[in-house]
Amino acid sequence: MAILVVGSVAFDSIETPSGKAERCLGGAATYFSLAASYFTDVRVIAVVGEDFTAKEEDVLQRRGIDTRGLEHVKGKSFFWRGSYMKDLNEAQTHETQLNVFEKFTPKIPAAYADSEFLFLANIDPVLQENVRNQVPNVRMVCGDTMNYWITGHRENLEKVLKGLDGLLINDGEAKLLANDNNLVRAARKILAMGPKSLIVKHGEYGATAFFSDRIFPGEKTHLALPFRAPALPLSEVVDPTGAGDSFAGGFFGYLASQAEVTPASFKRAMFYGGVMGSFAVERFGTERLQDLTREEIDQRFALFRELSHLD
């Protein structure tokens with residue numbers, strides 16, 4: 001089943017205790033697409049500038065990612081510079097250049113109209129809603145957001161939330177969105193806003209899924225409690241950038257590869273999300289996600305199963 005993802009394709013310059021990397025290929029849609037591509041077909045919608053060459057596009061195409069929705073325009077691509085020298089769990093932003101991304105208006109090629117799964121990566125909720133309206137017949141829609149949109153564009157964000165089957169955000173974003181520092185209460189409030197499920201990412205501590213009774217009709221007894229998927233303990237983290245987007249790609253990519261989305265496949269998908277996030281942090285940028293094998297992915301999934309006694 002094909003996933004359509006809309007978001008940013010960018011360049012990042014990153015500094016961590018492991019070193020520095022200049023102008024890595026990055027962006028939410030890039031990390032998501034690469035991670036998801038190991039499970040199913042992926043179609044990407046984004047905008048890039050003249051500095052995004054055939055070399056960068058080939059990184060996506062080598063993984064079989066459909067780049068017909070990648071719009072090339074005059075100017076420079078989105079650029080972010082940040083560091084993790086104080087805390088690997090929190091990026092310090094030093095420079096953000098929106099460049100061509102500032103006027104991005106997603107355009108969906110006719111060939112993408114039959115996409116069955118849609119992921120709305122972290123962009124303006126007005127654009128997210130625009131894309132959602134252009135593909136009304138998708139089977140499942142998940143999305144992401146961040147503090148900036150929560151605090152400054154809440155009215156538009158709430159429109160998007162009503163149409164989501166799943167919202168993937170981190171602890172701080174969940175508590176900010178719900179205006180509640182208790183995560184369980186915050187989750188209940190967010191589910192009442194519209195999403196059928198909420199996946200809260202905890203970084204190195206894994207992720208927790210919360211479910212409304214609308215996500216799996218007839219399966220309420222299995223979903224009364226949240227479901228927690230641990231993270232794999234790693235001896236070294238080189239670069240945390242994109243770990244959350246890689247989690248989303250692994251999670252949604254696995255779901256899209258299944259004949260049916262069930263409580264069991266949903267929970268298993270969270271472990272595959274953790275697997276892809278754990279690979280992403282092993283090198284700078286998207287480098288590690290570019291050269292994985294499905295065998296490596298399944299071997300690490302087996303480690304997750306052993307850690308958690310997942311059926």
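Here a trainee and a mentor talk through a predicted model.

Trainee: What should I know before reading the values?

Mentor: This is a predicted model, where local features need pLDDT of at least 70, side-chain atom pairs count only at pLDDT 80 or more, and totals for chains, interfaces and linings use all residues. Side-chain values use heavy atoms, with hydrogens and water left out, and residues are numbered from 1 along each chain as its sequence is written.

Trainee: In what order do the strands of the open sheet lie?

Mentor: Helices (H or I, at least four residues) and strands (E, at least two) are DSSP runs, numbered from the N terminus. Two strands pair if DSSP finds at least two bridges between them. The open sheet has 9 strands with mixed pairing, and their order is E5-E4-E1-E8-E9-E10-E11-E12-E13.

Trainee: Which are the edge strands?

Mentor: An edge strand here pairs on one side only. That description fits strand E5 (66-72) and strand E13 (227-229).

Trainee: Which residue in E4 stands opposite Leu-4?

Mentor: Strand E1 (residues 3-6) and strand E4 (residues 42-48) run parallel, joined by 4 bridges. Opposite Leu-4 in E4 stands Arg-43.

Trainee: What angle does the direction of helix H1 make with that of E1?

Mentor: Helix H1 (residues 28-36) packs on the sheet and touches E1, E4 and strand E8 (117-120). Contact means heavy atoms within 4.5 Å. Axes are lines fitted to C-alpha atoms, for helices over the stretch in contact, and angles run from 0 to 180 degrees between N-to-C directions. For H1 and E1 the angle is about 165 degrees.

Trainee: And what angle does helix H3 make with E8?

Mentor: Helix H3 (residues 125-134) also packs on the sheet. Its contacts are E1, E8 and strand E9 (140-143). The direction of H3 makes with that of E8 an angle of about 170 degrees.

Trainee: Through which helix does the chain cross from E4 to E5?

Mentor: E4 and E5 run parallel, with 5 bridges between them. Ala-46 stands opposite Leu-70 in E5. The β-α-β crossover from E4 to E5 is right-handed (with the strands pointing away from the viewer, the path from the first strand over the helix to the second runs clockwise). The helix on that path is H2 (residues 54-61).

Trainee: How many residues of strand E6 are buried?

Mentor: Buried means under 20% relative accessible area, exposed over 50%, and partly exposed in between (1.4 Å probe, protein chains only). Strand E6 (residues 78-83) is mostly covered. The buried count is 5 of its 6 residues.

Trainee: Which residue in E7 is the bridge partner of Phe-79?

Mentor: E6 runs parallel to strand E2 (residues 10-16), joined by 6 bridges. With strand E7 (residues 92-97), E6 pairs in the antiparallel sense over 5 bridges. In E7, the partner of Phe-79 is Gln-97.

Trainee: At what angle do helices H8 and H9 cross?

Mentor: Two packed helices are described by the angle between their axes and the distance between the axes. The axes of helix H8 (residues 243-256) and helix H9 (residues 263-280) come within 7 Å. They cross at roughly 145 degrees.

Trainee: Is Asn-179 buried or exposed?

Mentor: Asn-179 is found in the loop between helix H6 (171-178) and helix H7 (183-192). Its phi is near 55 degrees, a positive value in a residue other than glycine. With a relative accessible area of 71%, Asn-179 is exposed.
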